[in-house]
Amino acid sequence: MFRSNRLGCASISRRPFKEGALDFKLTNALNKPGNIILRTRNSFIRTLTSQAEECDSESRIESFLKRGIDPYPNFQFLSAGNLDASSSSNISPPSSGYNADTLREVQQKLLDDELSKTNSLPFNDLATLKARFSSLEPGARLKDTTMVLAGRILSRRDASAKLVFYDIMIEHNKVQVMASLGNYSKASCDKSFVDAHSGLRRGDIVRLVGFVGKSKAGELSIFATSAPQLLAPCLPVLPLATQLGSLEQRFRRRPLALLLHDPTIKAVKIRAKVLQGIRRYLDARGFLEVETPILAVQAGGAAARPFTTNCRALDAPLHLRISPELYLKQMVVGGFDRVYELGRVFRNESIDPSHNPEFTTCEFYLAYANLETLFQITEELLGELVQGSIGSLSVKTPDGVISFQAPFSRIHVVDELTRQLGPLPAFDGPGIEISLVFNN
């Protein structure tokens, strides 16, 4: 049976078959995607993660596979949202031995087969929703499609006693849900429409089931076919984005800023794309990512003041690293010609909007390279990062547009300083720092 319960779990179960008493359930929970639970007849329960663990049920299924017996025949379904439609699917036994990945593969095949037969959409998949149905005409309704949503209520608009509009946020994407008593199935009308919606407010996390369509205004929407289920109430009042206050308040109330402040959301997503892009670029060129110690007896590799702690086991002071440089160079000495690390470093110094005591750094080392090689890597890497993060090589800033199109202009530091500041004093003369400050 395939079903979606009020906690958002999709599960598949079957009765024991003739060759052995086995009843297992595959569960894909919202908070732990990919976890698989096996339940035998004697109620033995065990969770399998990405590393398959040995258990009695696994051995039994493996023995069935070796004997050519299909342990996955004729799974019976009920479509998401406790619908009446049902179907069956035949999955042939995998050619290789049984493991957790095999179960995931079987589960995905079963889900794909069910979705294709019932015309249901994947759970919370707004990308598929918009890609397939953005071209619908205003007022169109596809009652043969089904979608299950779970998300946070951003706004609620009561049009009448029998019509309520919700804006639901799912992973920082918004979708409109139209709850009308006329679209409810008879089985879902166990209490009055007003009572079903009266307790919901902005900030609550709810589960909804409905079909796809467009409102008369042309907005792609989900038309609810049953009352929303409250999964988690929002006890304090959820403020509006305009009520977050100053920049300091947004930094002090990070969960609200991440939930409501679009620039903060965008910055987090771009940062993730940048880190992925760095790894993708370096991995494609044969670099090996390594992890070097964060606690060190001697903090070196940069001119900065370290954080100091004490190791009880050694009864000796240790420092949080200020740079991964020294350990990466030891890797090069050890024969690794291409290494890099993306990790945190810590510097016990001043704090301001552009300086943090801890930050993420990337250092890579490439043997037998010269300055020209680093020029080329810099142009390629920055270009790919900008293109992959914002979809363009041009970045708009308050001071104008910056282009990351290669080749970059190359300047000599001293010559450019002289052009910008005028004649420079002798760099080995007394008072050089004061002279530069006053000349600027």
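**Exercise 1. How many residues does the largest nonpolar core have, and which residues have the most contacts inside it?**

*Solution.* The structure above is a predicted model, and the steps below should be followed on it with that in mind. Begin with the core as a set: the largest nonpolar core has 26 residues, and Leu129 and Ile168 are those with the most contacts inside it. Next, ask where these residues come from: α3 (126-133), β8 (141-160), β9 (163-170), β10 (173-180), α4 (193-198), β11 and β12 each supply at least two residues of the core, and the largest share, four residues, comes from β9. Then turn to Leu129 itself, which, leaving aside residues up to four places away in sequence, touches Leu121, Ser134, Met147, Val175, Val212, Leu220 and Ile222. In soluble globular proteins, nonpolar side chains tend to be buried together. Finally, look for a second core, which is separate and has 10 residues, including Leu275, Tyr281, Leu282 and Ile377.

**Exercise 2. Find how many aromatic pairs the structure holds, and classify the pair Phe211 and Phe223.**

*Solution.* The structure holds four aromatic pairs. For Phe211 and Phe223, the ring centres lie 5.5 Å apart and the planes meet at 10°; because planes under 30 degrees apart count as stacked, this pair is stacked. Now place the two rings along the chain: Phe211 belongs to strand β11 (residues 205-214) and Phe223 to strand β12 (residues 220-224), so that the pair links parts of the chain 12 residues apart. As a last step, consider accessibility, where a residue under 20% counts as buried: Phe211 is buried at 5%, and Phe223 is buried with a relative accessible area of 0%.

**Exercise 3. Classify the pair Phe287 and Phe364, and decide for each ring whether the residue is buried or partly exposed.**

*Solution.* The ring centres of Phe287 and Phe364 are 5.7 Å apart with their planes at 85°, and since planes over 60 degrees apart count as edge-to-face, the pair is edge-to-face. Phe287 lies in the loop between α7 (262-284) and β14 (288-289), whereas Phe364 lies in strand β19 (residues 358-366), 77 residues apart. Phe287 counts as buried at 7% relative accessibility, but Phe364, with a relative accessible area of 25%, is partly exposed.

**Exercise 4. Which residue lies over the face of Phe287, and which ring does the charged end of Arg285 sit over?**

*Solution.* Arg338 lies over the face of Phe287, at 5.7 Å from the ring centre. The charged end of Arg285 sits over the ring of Tyr281, 3.6 Å from its centre; Tyr281 is also one of the residues of the second core.

Notes
Residues numbered from 1 in each chain as written. Predicted model: local features only at pLDDT ≥ 70, side-chain atom pairs only at ≥ 80, totals over all residues. Heavy atoms only, no water. Phe/Tyr/Trp six-rings, centres within 6.5 Å; stacked < 30°, edge-to-face > 60°. Buried < 20%, exposed > 50% of the residue type's maximum accessible area, 1.4 Å probe, protein only. Lys NZ or Arg CZ within 6 Å of the ring centre and 35° of its normal. Core = buried A, V, L, I, M, F, W, Y, C linked by side-chain atoms within 4.5 Å. Contact = heavy atoms within 4.5 Å.
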